[in-house]
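Good morning, colleagues. Please take a moment with the sequence and the coordinates before I begin.

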Amino acid sequence: MEYKALAQDILSHVGGKENIVSLVHCATRLRFKLKESGKADAEALKANPGVIMVVESGGQFQVVIGNHVHDVWQAVRYEAGITDDSEPVAVKGKKPLSSAR
């Protein structure tokens, strides 16, 4: 997989697959909702040449990838074992969210 190394680096610096509540993407960004944002390492991600920028906004941890974000999103989902039929994840004191898509 072309983006395997980048996907693995992203996963390790968002606190691992266990820290992901949901993952979606827009035109240029991976948009994570994390269980514990303190586990994410934005500075380490920014040092990766495959990452343009990291933005934390509106309860999301956003990793700016660029136009090939869909391919990276697929690679991250593959590496994390996230599928469309993944079980919803509960966060302390909150209702389960819909599965990562």
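What should the twelve residues of α3 span at 1.5 Å a residue, and how far apart are its end C-alpha atoms? The expected span is 16 Å, and the end C-alpha atoms are 16 Å apart, so the two values agree. I should state at once that this model is predicted.

Let me remain with α3, which covers residues 69–80. Its buried residues are V69, V72, W73, A75, V76, R77 and A80. What covers them? The elements that do so include α1, at 4–13, together with the strands β1, at 20–25, and β2, at 29–34. After the helix comes G81, with a positive phi near 75 degrees.

Within this helix I would single out A75. Is A75 buried or exposed? Its relative accessibility is 0%, and because buried means under 20%, A75 counts as buried. In sequence, A75 and E2 are separated by 73 residues, yet their C-alpha atoms lie 8.3 Å apart in space.

I turn next to strand β4, residues 60–64. How many of its five residues are buried? Five of the five are, and the strand is therefore largely enclosed by the rest of the structure. The burial concerns both faces: Q60, Q62 and V64 are buried on one side, while F61 and V63 are buried on the other.

Which strands pair with β4? One of them is β2, which runs antiparallel to β4 and is joined to it by four bridges. In that pairing, L30 has V63 of β4 as its bridge partner. Another is β3, which is also antiparallel to β4, here over five bridges. In this second pairing, M53 stands opposite V64. The strands β3 and β4 form a hairpin with two residues between them, and G58, in the turn, has a positive phi of about 60 degrees.

Finally, I would draw attention to a loop residue, N48, located between α2, at 42–46, and β3, at 53–57. Why does N48 count as buried? Its relative accessibility is 15%, and the cut-off for buried is under 20%. Which residues does N48 contact, once its neighbours within four places in sequence are set aside? They are L6 and D9.

To recapitulate, A75 is buried at 0% relative accessibility, β4 is covered on both faces, and N48, although placed in a loop, is buried as well. Thank you for your attention.

Technical notes
Residues numbered from 1 in each chain as written. Predicted model: local features only at pLDDT ≥ 70, side-chain atom pairs only at ≥ 80, totals over all residues. Heavy atoms only, no water. Buried < 20%, exposed > 50% of the residue type's maximum accessible area, 1.4 Å probe, protein only. Expected span 1.5 Å × (residues − 1). Contact = heavy atoms within 4.5 Å. Pairing = 2+ DSSP bridges.
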